[in-house]
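Colleague: I have a new complex open and could use a guided tour. Could you walk me through how to read it?

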Amino acid sequence: MSVPSLNLDITPTFKVDVKTTENRGFTPEEVAERCADKVISISDTANPIIRDQARAFKTHLIKVLSFYMKEAIKSDRTTVYNALSNAGHKDLAELIRRM
Amino acid sequence: MAFNGNFMCTTFKKELMFGVHDFANGADTFKIALYTSSATLNASTTAYTTSNQVANGNGYSTGGESLTNVSPTVSGTTALTDFADETWGSSSITARGALIYNSTPNTTSISVTNPSVIVLDFGADKTSTTGDFTVVFPTADASNAIIRIA
């Protein structure tokens, strides 16, 4: 009788990704792409019809996520603008508003 | 070059049998520390070490950052767990790899401090310059999740 065993090792193909920036943060598009990668994983060997549909959906998802991330950034800047303005830092608040 | 691949630490496998690690969201605190290419980390690594860790400052704090656990789940016959991506913002960091370790293990059956979980090899030095340094974990599914029991 064979005894089932648990496999807990990292596969040789496992790869952790590192993304970095220079003198800036990530753009909404870059973050949206990371987010879409978490939501949708498409195998290269999947049925071509399903694979193409999934890729098209992923492209659309990235655009939608990017748009709403930009909306969130704008809204957060409004909050920061008001916080700075109310604290008497009008010049700094104006700088944030113009970003 | 001391990093030579990704490893599930051997002592981690044993510690699972002792119930040392609880990956439920809000349970144990798992941290990720960054290391330079001089670090020697592999399957034999048993615990967190400060040796050859990225220097404190410039957006990095010694000991690394706490990860956000995604509670374990199952996909088919595979159990898996995941962490949220970790970003060191406004940082200037050069790192070749990382160590994930448990800073709040259950020591009921075994005496361990900051036991190691996984060694990550970035494949090459990765550098952020007054920018963001992000470790992106793979998709949390039965084929790709960072910790899977099949």
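**Reading the contact between two chains**

Modeller: Let's start with one pair of residues: Asp17(A) stands opposite Val136(B), which sits in β7(B). Keep in mind that this is a predicted model.

Colleague: How many bridges join β1(A) to strand β7 of chain B, and do the strands run parallel or antiparallel?

Modeller: There are four bridges, and β1(A) and β7(B), residues 116-136, run antiparallel.

Colleague: And which element gives the largest share of the side of chain A that touches chain B?

Modeller: That's β1(A), with four residues. At least two residues each come from β1 (17-20) and α1 (28-39) of chain A. Sorted by class, this side of chain A has eight charged, eight polar and seven nonpolar residues.

Colleague: Zooming out, how many residues does the contact take from each chain?

Modeller: Chain A gives 23 residues and chain B gives 36 residues. Together the two chains bury about 2400 Å², with 55% of that on carbon and sulfur atoms.

Colleague: Now the charges. How should I read a salt bridge?

Modeller: The general idea is that side chains of opposite charge can pair when their charged atoms come close. Here, the rule finds two salt bridges across the interface of chain A and chain B. One salt bridge pairs Lys38(A) with Asp85(B), and their closest N and O atoms are 3.1 Å apart. You can also look for polar contacts: 13 residue pairs make them across this interface, counting pairs with both residues at pLDDT 80 or more.

Colleague: How many salt bridges are there over all chains?

Modeller: The count comes to 11. Among them is a pair within chain A, Glu29(A) with Lys70(A), whose closest N and O atoms are 2.7 Å apart.

Colleague: Why does the pair of Glu29(A) and Lys70(A) tie together parts that are apart in sequence?

Modeller: Because Glu29(A) lies in helix α1 of chain A while Lys70(A) lies in helix α2 (residues 48-86) of chain A, the pair ties together parts that are 41 residues apart in sequence.

Colleague: Last topic: how do I read the confidence values?

Modeller: As a general guide, where pLDDT is low, the predicted coordinates should not be read in detail. For chain B the mean pLDDT is 94, and 99% of its residues reach 70 or more. Among the elements of chain B, strand β2 (residues 30-35) has the highest mean, 98, and strand β8 (residues 147-149) the lowest, 91.

Colleague: What ipTM and pTM does the predictor give the complex?

Modeller: The ipTM is 0.86 and the pTM is 0.88.

Conventions
Residues numbered from 1 in each chain as written. Chains lettered and ligands numbered in written order. Heavy atoms only, no water. Contact = heavy atoms within 4.5 Å. Buried area = accessible area lost by both parts, 1.4 Å probe. Salt bridge = Lys/Arg side-chain N within 4 Å of Asp/Glu carboxyl O. Polar contact = N/O pair within 3.5 Å; in protein donor to acceptor, adjacent residues only side chain to side chain. Nonpolar A, V, L, I, M, F, W, Y, C, P; charged D, E, K, R; others polar. Pairing = 2+ DSSP bridges. pLDDT = per-residue confidence, 0-100.
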